[in-house]
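Hi everyone, thanks for making time for this. I'd like to walk you through one helix and its surroundings, so have a look at the picture with me.

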Amino acid sequence: ELRAEQEALSLVRFYSTPPISKDELLARIRADATVSEPVRERALEFARQWPEGKRGIFAAYAKMNRFRA
């Protein structure tokens, strides 16, 4: 389960760089045929909470990096 969460976060980060709209982010995750369904569902959960705009994304990255340490 932890691995699925890590993969899901990586997927959200990958598709949100450069910053895109939340609708586009969700569409890209749904369209990615390379990920398992559990990872896709978790990524969609993360993406729904993902902030829009550069300032919000930088804050999200900073928060995620604190959990890695």
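Let me start with a term: by a nonpolar core I mean a set of buried Ala, Val, Leu, Ile, Met, Phe, Trp, Tyr and Cys residues joined through side-chain atoms within 4.5 Å. And please keep in mind that this is a predicted model.

The largest nonpolar core here has 14 residues, and Leu-11, Val-12, Leu-25, Ile-29, Ala-43 and Ala-47 touch the most other members. Helices α1, α2 and α3 are the elements that each give two or more residues to this core, and α3 contributes the most, with five.

Now to α2, which covers residues 22–31. Which of its residues are buried? They are Leu-25, Leu-26 and Ile-29. These three sit on the same side of α2, because the arc they cover around the axis is only 95 degrees. As a reminder, an α-helix has 3.6 residues a turn, so residues three or four places apart point the same way. On the other side of α2 you'll find Asp-23 and Ala-31, both exposed.

And what covers that buried side? The cover includes α1, residues 2–15, and α3, residues 37–49.

Let's look at α3 in that role. Its axis is 10 Å from that of α2, and the two pack at about 175 degrees, so α2 and α3 are roughly antiparallel, an angle over 145 degrees counting as such. The residues of this contact divide into six nonpolar, one polar and four charged.

Finally, zoom in on Ala-47: beyond its neighbours within four places in sequence, this residue contacts Val-12, Lys-22, Leu-25, Leu-26 and Ile-29.

Conventions:
Residues are numbered from 1 along each chain as its sequence is written. This is a predicted model: local features need pLDDT of at least 70, side-chain atom pairs count only at pLDDT 80 or more; totals for chains, interfaces and linings use all residues. Side-chain values use heavy atoms; hydrogens and water are left out. Buried means under 20% relative accessible area, exposed over 50%, partly exposed in between (1.4 Å probe, protein chains only). Helices (H or I, at least four residues) and strands (E, at least two) are DSSP runs, numbered from the N terminus. The arc is that of the directions from the helix axis to the C-beta atoms. Contact means heavy atoms within 4.5 Å. Axes are lines fitted to C-alpha atoms, for helices over the stretch in contact, and angles run from 0 to 180 degrees between N-to-C directions. Angles under 35 degrees count as roughly parallel, over 145 as roughly antiparallel, 65 to 115 as roughly perpendicular and the rest as oblique. Ala, Val, Leu, Ile, Met, Phe, Trp, Tyr, Cys and Pro count as nonpolar, Asp, Glu, Lys and Arg as charged, and the others, Gly among them, as polar.
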